[in-house]
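Trainee: Could we go through this model together? I'd like to ask about one residue and then work outwards.

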Amino acid sequence: PPKWLRADDSNDDDIHAVGALVTGWSSGLGRASAIALARRGFAIVVPAARGLEAACKSARADARVEFVGPLDVSCARDLDGMRLDGVRARGVDVRVVVHCAGVFNTDRWATKSDGGDPTAAVNFHGVAALTKTVLDDVAPVGKCEAPTNHIRVVFVGSFTHECATARLLSLNAFKRWLKNYGATPRYYNPALNYMWSKVAVSAYATYAHDAWRVTYGDRVSAVLVDPGLINTRLIRGWPTALQRIFCFVGKASGLMQSPAAAASGVVRAVCHAPGDETCPFIYGPTGTHVRESYWMRHGKA
């Protein structure tokens, strides 16, 4: 891990590893990102194993994988109850959170147990709730000084946050979605739910980065990363015709990539040096740093 993510006291690194809490770790971009970060020397923190530990150790013999207990990002009880004390006691300080979990619920009649929409719960609400839980645990405001070591939160967005459809529907349409995102999926069609959930993550990343600069100074920062087009399990729930169009366009344009290739962009986002006034937006596996999007500028309002 880069020096700015390690302890200020060099002796502390002999005891505590730099931990990265990765969501969506069981497959696709999340799993590939966890392995790539383990290769860089991060201790990976996940709810369970499912072969991830062996994969990380194949990438780096001394890789560490720690377990934090049940953590379904669509479950409020798991998010509220998540604590890092046990991981910390085992010598791992979580200083990085990578939000890779994502779903595209194509059944507009399917709901969570509380009647809410699964896509909004995982892609947006769970992201915000887990981020708050982690920061309350490692840097509780009003209970201690700002964290002595930098904390980086990486939000995985999507090309949909630059989507012309979203611009045409306008900021007011986005605000209406935010007001109703806990409604049943039939309130919006699946594609709109997915698009607005990713727009919301982009806006939230920018808002959070600005707010953290006020609360924590330069000790907590956000980075938004768009890994580009990836052939992952997420698209396998789409209608067959949409899958074929997505894969054809991706391959014909040369933009389609494997989760392992896309994970390099996530690693670049994790290791991007802090200090930006606004939330950095990093695109693709090469880590191109691009201008903030319309929704990063206006959506947070």
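Trainee: Is Ser 197 buried or exposed?

Mentor: This is a predicted model, where local features need pLDDT of at least 70 and side-chain atom pairs count only at pLDDT 80 or more, while totals for chains, interfaces and linings use all residues. Residues are numbered from 1 along each chain as its sequence is written, and side-chain values use heavy atoms, leaving out hydrogens and water. Buried means under 20% relative accessible area, exposed over 50%, and partly exposed in between, with a 1.4 Å probe and protein chains only. Ser 197 has 0% relative accessibility, so it counts as buried.

Trainee: Which backbone oxygen does the side chain of Ser 197 reach?

Mentor: Look for a polar contact, a pair of N or O atoms within 3.5 Å; within protein, one must be able to donate a hydrogen and the other to accept it, and residues adjacent in sequence count only if both atoms are side-chain atoms. At 2.7 Å from the Ser 197 side chain sits the backbone oxygen of Tyr 194.

Trainee: Ser 197 lies in helix 7 (residues 190-216). What distance separates the end C-alpha atoms of helix 7?

Mentor: Helices (H or I, at least four residues) and strands (E, at least two) are DSSP runs, numbered from the N terminus. The expected span is 1.5 Å times one less than the number of residues. For the 27 residues of helix 7 that gives 39 Å, and the model agrees, with the end C-alpha atoms apart by 37 Å.

Trainee: How many residues of helix 7 are buried?

Mentor: Helix 7 is largely enclosed by the rest of the structure. The count behind that, out of 27 residues, is 19.

Trainee: Which element gives the largest share of the largest nonpolar core?

Mentor: A nonpolar core is a set of buried Ala, Val, Leu, Ile, Met, Phe, Trp, Tyr and Cys residues joined through side-chain atoms within 4.5 Å. The largest one has 48 residues, and Leu 21 and Trp 212 are among those with the most contacts inside it. Elements giving two or more residues include strand 1, strand 4 and helix 5 (118-138). The largest share, eleven residues, comes from helix 7.

Trainee: And strand 4 (residues 92-99): how many of its residues are buried?

Mentor: Strand 4 pairs in the parallel sense with strand 1 (residues 17-23) over seven bridges, where pairing takes at least two DSSP bridges. Four bridges join strand 4 to strand 5 (residues 151-156), also running parallel. Strand 4 is largely enclosed by the rest of the structure, because the buried count is eight of the eight.
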